[in-house]
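Good morning, and thank you for coming. Please take a moment to look at the sequence and the structure on the screen before I begin.

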Amino acid sequence: MITGMGGHMTLFLIVTLNGLTLAALYFLAASGFSLIFGLMRTVNMAHGALLLLGGYVGYSVVDTTGSWALGVLSGGLAAAFAGAIVQAGVLGWMQGDELRQTLASIAISIIMADLMLWYWGGLTYQVELPEALSGGQRLPVLGVGYANIRLALMVFALVTGLALWFLIQRTRLGAVIRAGVDDQDMLRALGFPINRIFILVFALGGLLAGMAGVIAASALSIAPGTDLQFLLSSLVVVIVGGMGSVGGAALGALLVGLAEQYGLAYAPTYGAVFTFAIMVVVLAVRPQGLLGRAEK
Amino acid sequence: MRPAGYLLFLALLPLVLNDFWLTLVATRALILGIIALSLTFLATYLGVVSFAQATLAGVAGYTIAYFGPNTVGVGFELPFLVSIPLALILSTITGGAIGLIARQSRGIYAIMITLAIGVAFFYFTRQNYALFNGWTGFSGIRAPEIAGVSLRDPAALYLLSLGTAALAMVLVAGFVRSPMGLSVQAVRDAPGRLLALGIPVTTPIVTAFAFSGFLAGSGGILNIWYQERISSFSVGLGPIIDILIVSVIGGLRHPSGAFVGAVVFVLLDTFAVDLIDRERFNTLIGAVLLLIVIVAPNGLQQLAKDGFGRLRQSNSNATE
């Protein structure tokens, strides 16, 4: 039935599916980054390091307990805890001085990356998958085989995106966060414990990064340098999609993930240029990002 | 004149220093300082912190490597009188182009965009073999010879770097006093007012970035003669962060901070082995950066200046 489609079509489908997988991962990584930026105007350069920490912790937990779900949870919690410490211990003291926060978070990411290299070494880790997620599916209609974990990853990203949207649009905490994005001073004047809310949002961003790390370690693999890869992708995703918007992060991740995979498949030595070109075009046409709001 | 006195003192250093101190400490600090100067200049006068300075230095370095004698058989050889100006022109143009891309962005946005450009260039050099020879890059690059003396010779490279550094400082001082330099500072202070006066802000921003590309390019050329090789790692996150650390340690308020920071960085890098495990250098330098950001956000140059100022004040108080 698929013989008529030819090799080109199959390649295109596989590349598109790979692009969607990557986009799901990029979305998971970038959503926390974007959330923190949206509320606090903090560019958390340690976001990639939080992700890698989550991945390593998740690996170690799965390795000891054998439970994948426990690994994802503990990876997320470890990164959430680290994120809360970063905000409460360092960045919170420099609130409002964005350049200083950026530099401090760079220093933290250098230290974290080096300490993780010390503890976990320079090896490449892959988290062992549970029975249900290993193996693959032959996709109906499309007729190409695909790994279960990658499908699960897409579902996970979708669920996370919806949950995040629900949290921000429909809950009381979300209302406070949105109010903080619009007018921080007024929120403070109304007596909201804004410092505690900041720490909480930082922990939430860390949780998303940490879980993304464990999932990246399951679907692909992690090694020193993974932190940089996801920091860069998060940067480009939020520049393209618009800062502080969940929808923007999803759209940006989709564009960057697909561009990277098409680039890799059809122009292997110029792949990085595609991602870069998307960013430049968006900046030229819409500097605030596709779904971002213009700066006051 | 005091600067001339300092310069004369520094020019006489090859007479007293051995090759280790001259090359691995003094020359290295000067070259790093020139590249960091390109960042400090942008931060001081345009108010933009750029993470693309290693890229600009890399563009010049790769140009020298591609059009010069190398041992990997990529590119072709041009005379140095052609390849050196070409390298400077390319790094200047690249600087201007980056300025054009980032022209509407300030503060953290400019940081994110220049960082994305820098890291994208790193991945590009790693993927591309036709121009950059991919992962391995270029090696066996030789510096030009003048009258039988290689410019890689310790004393020759030191004096050349010292001269370039002095010239770069003079150029920066001249640039910021020129009408264009004043426009650049006006963009930093009040871009809205400038637009209201009918002065376009794009030209000063692009010019400042292009000038910074020229500075970074001259440092990049010296660096490739010093290293005798270049690869994607020369433009990766490591060098990007190193340049930033040098500028921040020195201080982003005055161009001379770049050289203060470079000396401190090179001394730490060279002698950290005696303090801690060589492997943990990044933890040390990260902690130093964090400490500087927390304790002295304006850098060591400013800290020293304030310290001396207070000392002088208390002295004059005492004599009164």
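Is Phe12(A) buried, exposed or partly exposed? Please keep in mind that what you see is a predicted model. In this model Phe12(A) has a relative accessibility of 35%, so the residue counts as partly exposed, since that value falls between the limits for buried and exposed.

Phe12(A) brings us to the aromatic rings. Over all chains, the count of aromatic pairs comes to 26. One of them joins Phe12(A) to Tyr262(A): the ring centres are 5.6 Å apart and the planes meet at 10°, so this pair is stacked. Pairs count as stacked when their planes are under 30 degrees apart. The two partners come from distant parts of the chain, for Phe12(A) belongs to helix H1 of chain A, residues 6-40, and Tyr262(A) to helix H10 of chain A, residues 246-266. In sequence they are 250 residues apart. Tyr262(A) has a relative accessible area of 24% and is therefore partly exposed.

Let us now turn to a pair in chain B. The rings of Phe41(B) and Phe175(B) have centres 5.5 Å apart, and because their planes stand at 75°, the pair is edge-to-face. Phe41(B) sits in helix H3 of chain B, residues 19-46, while Phe175(B) sits in helix H7 of chain B, residues 154-177, so the pair ties together parts that are 134 residues apart in sequence. Both Phe41(B) and Phe175(B) are buried.

Returning to chain A, ring pairs also build a cluster, which links Tyr56(A), Tyr59(A), Tyr119(A), Trp120(A) and Tyr125(A).

My last topic is a polar contact in chain B. Which backbone oxygen lies 2.7 Å from a polar atom of the side chain of Thr114(B)? It is the backbone oxygen of Ala110(B). Thr114(B) is placed in helix H6 of chain B, residues 107-127, and Ala110(B) is found in helix H6 as well. Thr114(B) has a relative accessible area of 0%, so this residue is buried. Ala110(B), with a relative accessible area of 0%, is likewise buried.

What surrounds these two residues? Setting aside neighbours within four places in sequence, Thr114(B) is in contact with Val49(B), Ser50(B), Phe51(B), Ala52(B) and Ile98(B). With residues up to four places away again not counted, Ala110(B) touches Val48(B), Val49(B) and Ser105(B). Val49(B) thus appears among the contacts of Thr114(B) and of Ala110(B).

Thank you for your attention.

Definitions and conventions:
Residues are numbered from 1 along each chain as its sequence is written. Chains are lettered from A and ligands numbered from 1 in the order in which they are written. This is a predicted model: local features need pLDDT of at least 70, side-chain atom pairs count only at pLDDT 80 or more; totals for chains, interfaces and linings use all residues. Side-chain values use heavy atoms; hydrogens and water are left out. Helices (H or I, at least four residues) and strands (E, at least two) are DSSP runs, numbered from the N terminus. Buried means under 20% relative accessible area, exposed over 50%, partly exposed in between (1.4 Å probe, protein chains only). A polar contact is a pair of N or O atoms within 3.5 Å; within protein, one must be able to donate a hydrogen and the other to accept it, and residues adjacent in sequence count only if both atoms are side-chain atoms. Contact means heavy atoms within 4.5 Å. Rings of Phe, Tyr and Trp (its six-membered ring) pair if their centres lie within 6.5 Å; planes under 30 degrees apart count as stacked, over 60 as edge-to-face and the rest as tilted.
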